[in-house]
Amino acid sequence: MDMTNLSELVGLLTPEISVSLFLVAIVIFDLIFNKDKKILPFIALAGVAVTLFFVVSQYGEIAEPIKSGMITVDKFGLYFKVLILISTVFVIFFTLSSDEIKASADRLGEYYTLMFGMMLGMFMLVTATDLILIYLSLELLSLSSYVLAGFTKLRSRSSEAALKYILYGAVSSGLMLFGISLIYGLTGSTNLYAINDYLLSSNGNVVILALASVMIFAGIGYKISAAPFHFWTPDVYEGAPITITAYLSVASKAAGFAMLVRILYIGYVSVSDATGHWTVIEAFDWQMLLIVISIFTMTLGNFTALWQDNLKRMLAYSSIAHAGYLLLGVLVLSNQGLIAVLIYFFFYMLMNLGAFYIVMLIANKTGSENINEYDGLGYTSPFLGVALTICLISLTGLPPTAGFIGKLYIFIALVDAKMIAVAVIALLNSVVSLYYYVRVLKHMFLTKATETTPVVKASSFEKIVLLALVIPILVFGVYFEPIINFAKNSLAGFGL
Amino acid sequence: MLTEFGKIFIFILVAILFVLIAFVMAKLVRPSRPTYEKSTIYECGEEPIGSPWVQFNIRFYVVALIFLIFDVEIVLLFPWALSYQDYGFYGFAVGIIFLVVLGIGMAYEWRKGDLEWARPKIQVPVLNNLIKRSEVKSES
């Protein structure tokens with residue numbers, strides 16, 4: 001590694017460097033203005049804006065994927081970085097009107113610092129093509145989110161969430177590390193391209209390869225909350241502050257999926273033909289594993305959500321179910337499937353953030369997320385009621401909303417890959433999900449408002465943030481061309 | 001034919017057997033006459049006071065954390081000091097950035113008051129058995 005190489009690397013890493021610098025800036029400002037925390041959200045927003053500028057300019061400059069040591073900078077990774085940045089902006093806005101966070105406002109400096117730590121971890125995760133760097137960034141992401149999950153430390157539910165999160169996280173990242181060490185022993189490298197070269201040239205020990213692959217999937221499955229590794233999700237989502245819950249359910253899941261796609265489509269792929277269909281090496285049947293996990297995940301998520309009375313828990317199970325749908329897009333092993341994943345994630349971000357925001361605004365007023373608190377709320381607070389309706393209908397995947405377009409593309413990819421049976425199961429799952437989403441609407445609109453029904457008034461700032469989430473859901477439901485093109489364009493530069 | 005791992009396995013086996021044999025032999029050979037003094041907990045010859053299961057002050061952990069950070073710093077700085085010249089200015093800058101970030105961490109701990117040991121609250125002495133002023137007046 002000489003000097004020119006290093007300066008090139010610095011050029012490739014501008015978004016990550018910008019995130020790190022603003023992380024340090026937040027710490028320093030917090031130390032200088034010890035008591036005054038008003039400036040911190042603005043530094044955070046400035047950090048996101050500057051980083052977004054670097055990401056967008058990189059997106060414009062890079063035509064071909066650039067491989068450099070442990071990282072690969074390509075449009076696929078940059079797409080996920082844009083998603084992460086957009087959700088960060090919204091989570092910062094959510095924080096400004098969250099009563100939970102206001103109660104522990106003296107620790108806001110740590111809050112934003114750790115949030116930038118999460119962002120840095122996610123940025124490295126979507127760029128990394130080396131198992132060691134993947135593991136390190138996964139740990140950076142996880143450690144920051146453990147602390148944030150227990151941020152409101154005086155509430156015992158929050159501490160419980162953080163403890164459960166760290167225990168499950170320690171086990172699954174340990175499993176993943178063991179899997180990585182087995183892969184290293186087998187192939188003699190941690191670089192995904194080198195691993196792929198080895199797996200193509202020699203058959204190796206099939207049993208060890210299968211064992212290592214399943215172990216690596218344990219780490220990924222934990223991050224995206226896929227079924228056998230999902231146990232932490234409801235408890236952590238319920239206990240963590242809602243702003244962090246929303247962040248975990250969108251950004252951290254997106255980074256996990258980017259990691260899965262990188263490992264699967266770079267490390268294990270054997271042929272990718274011009275029509276955009278991929279073949280995975282025969283030694284380990286990834287497709288079968290992912291089909292089983294995906295069906296298990298969405299069925300479990302949807303059926304368990306039916307019994308939930310706490311809205312946060314219900315949305316947690318719904319996010320498990322959505323991880324199942326998203327896995328469908330990965331396992332079809334075609335460019336079409338990957339495009340569907342990218343599109344779905346964009347819409348999923350909007351509707352999930354919107355739903356969590358409304359639940360937070362209502363919990364600010366009523367102090368609880370129980371479904372009975374929503375009785376008649378549609379009449380006393382029509383604005384929030386209608387917005388929540390749009391988000392939930394979109395999460396179900398019904399036509400005039402963006403969620404429908406996302407699901408449609410995933411089903412098209414499935415049918416094109418001739419997996420009709422899987423598509424039918426996924427479709428039936430969507431029908432099940434309709435019940436628990438509409439149950440909330442029933443409580444809001446089909447129960448008459450009484451004198452005790454709380455009136456939740458959103459401030460004009462909160463209304464603007466909410467409209468910024470809800471209007472795109474409706475607009476992209478009919479005019480989805482720009483997102484499709486953005487996703488297709490991003491996948492064209494996938495670093496194989 | 002032994003592989004390299006096979007040799008390690010023999011090492012492990014020998015290590016386990018060595019300890020086991022030593023314990024079993026000692027058990028067979030030694031006389032066993034325990035008294036009260038012999039079976040108390042060894043505390044440098046002092047008589048043990050109270051249970052050893054006491055709660056440590058949480059501040060010990062903070063001190064341990066600070067120590068750990070600087071411990072790791074030393075481990076990372078030694079190889080850097082030996083080789084930064086080969087990488088010119090960039091090599092130097094990398095080490096400086098590392099030190100600055102670590103310094104900010106130290107400043108953070110200082111500013112947030114983690115370096116201060118719990119200061120005892122100053123107790124203003126209060127006397128309860130003072131003779132009341134009114135009583136003194138009435139006597140005189």
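Is Ser225(A) buried or exposed, and how many C-beta neighbours does Ser225(A) have inside 10 Å? In this predicted model, Ser225(A) counts as buried because 28 C-beta neighbours lie inside 10 Å.

**Two residues with positive phi**

Ser225(A) is placed in the loop between α10 (206-223) and α11 (232-239) of chain A. Its phi is near 50°, a positive value in a residue other than glycine. As background, most residues other than glycine have a negative phi. Leu333(A) also departs from that tendency, with a positive phi of about 55° although it is not a glycine. Leu333(A) sits in the loop between α14 and α15 of chain A. With 22 other C-beta atoms within 10 Å, Leu333(A) is buried.

**Helix packing in chain A**

Two helix pairs of chain A are set out below.

| Helix pair | Angle | Axis separation |
|---|---|---|
| α7 (residues 131-149) and α12 (residues 242-267) of chain A | about 170° | 12 Å apart |
| α2 (residues 14-32) and α6 (residues 108-127) of chain A | roughly 170° | within 9 Å |

For the first pair, the angle of about 170° makes α7(A) roughly antiparallel to α12(A). From α7(A), the contact takes Ile134(A), Leu141(A), Ser145(A), Leu148(A) and Ala149(A). These residues meet Ile244(A), Leu248(A), Ser252(A), Ala255(A) and Met259(A) in α12(A). By class, this contact of α7(A) with α12(A) has eight nonpolar, two polar and no charged residues.

For the second pair, the crossing at roughly 170° makes α2(A) roughly antiparallel to α6(A). The residues of α2(A) that take part include Pro15(A), Glu16(A), Val19(A), Phe22(A) and Asp30(A). On the side of α6(A), the participants include Gly109(A), Tyr112(A), Phe116(A), Leu120(A) and Met124(A). The contact of α2(A) with α6(A) comprises twelve nonpolar, four polar and two charged residues.

**The nonpolar core**

The largest nonpolar core has 171 residues. Those with the most contacts inside this core are Leu125(A), Ala255(A), Tyr344(A) and Cys391(A). Helix α15 (residues 335-366) of chain A gives the most to the core, with 24 residues. In soluble globular proteins, nonpolar side chains tend to be buried together.

Leu125(A) links this core to the packing described above. Not counting residues up to four places away in sequence, Leu125(A) touches Ile134(A), Ser137(A), Leu138(A), Leu141(A), Ala255(A), Ala258(A) and Met259(A). Among these, Ile134(A), Leu141(A), Ala255(A) and Met259(A) also belong to the contact of α7(A) with α12(A).

**Leu131(A) and Ile66(A)**

Leu131(A) lies in helix α7 of chain A. Leu131(A) is buried, with 24 other C-beta atoms within 10 Å. Leaving aside neighbours within four places in sequence, Leu131(A) is in contact with Ile180(A), Ile183(A) and Thr190(A). One of these partners, Ile183(A), is 52 residues away along the chain, and its C-alpha atom is separated from that of Leu131(A) by 9.5 Å.

Ile66(A) is found in strand β1 (residues 66-68) of chain A. Because 17 C-beta neighbours lie inside 10 Å, Ile66(A) counts as partly exposed. Leaving aside neighbours within four places in sequence, Ile66(A) is in contact with Leu12(A), Thr72(A) and Val73(A). The C-alpha atoms of Ile66(A) and Leu12(A) are separated by 8.5 Å, while the two residues are 54 residues apart along the chain.

**Helix α19 of chain A**

Helix α19 (residues 420-445) of chain A has 26 residues. From its first C-alpha to its last, α19(A) reaches 37 Å, close to the 38 Å expected at 1.5 Å a residue. The buried residues of α19(A) are Ala426(A), Ser433(A), Tyr436(A), Tyr437(A), Val440(A) and Met444(A). The elements that cover these buried residues include α13 (286-305), α14 (311-331), α16 (377-380) and α17 (382-396) of chain A.

**Chain B and its contact with chain A**

The secondary structure of chain B comes to five helices and zero strands. Along the sequence, chain B follows the pattern α-α-α-α-α. Of the 140 residues in chain B, buried residues make up 0%. The contact between the chains takes seven residues from chain B and seven residues from chain A. By class, the side of chain B that touches chain A has five nonpolar, one polar and one charged residues.

Methods: Residues are numbered from 1 along each chain as its sequence is written. Chains are lettered from A and ligands numbered from 1 in the order in which they are written. This is a predicted model: local features need pLDDT of at least 70, side-chain atom pairs count only at pLDDT 80 or more; totals for chains, interfaces and linings use all residues. Axes are lines fitted to C-alpha atoms, for helices over the stretch in contact, and angles run from 0 to 180 degrees between N-to-C directions. Helices (H or I, at least four residues) and strands (E, at least two) are DSSP runs, numbered from the N terminus. Angles under 35 degrees count as roughly parallel, over 145 as roughly antiparallel, 65 to 115 as roughly perpendicular and the rest as oblique. Two residues are in contact if their C-beta atoms, placed from the backbone, lie within 7 Å. Ala, Val, Leu, Ile, Met, Phe, Trp, Tyr, Cys and Pro count as nonpolar, Asp, Glu, Lys and Arg as charged, and the others, Gly among them, as polar. A residue is buried if 20 or more other C-beta atoms lie within 10 Å of its own, exposed if 12 or fewer, and partly exposed in between; C-beta atoms are placed from the backbone. The expected span of a helix is 1.5 Å times one less than its number of residues. A nonpolar core is a set of buried Ala, Val, Leu, Ile, Met, Phe, Trp, Tyr and Cys residues joined through C-beta atoms within 7 Å.
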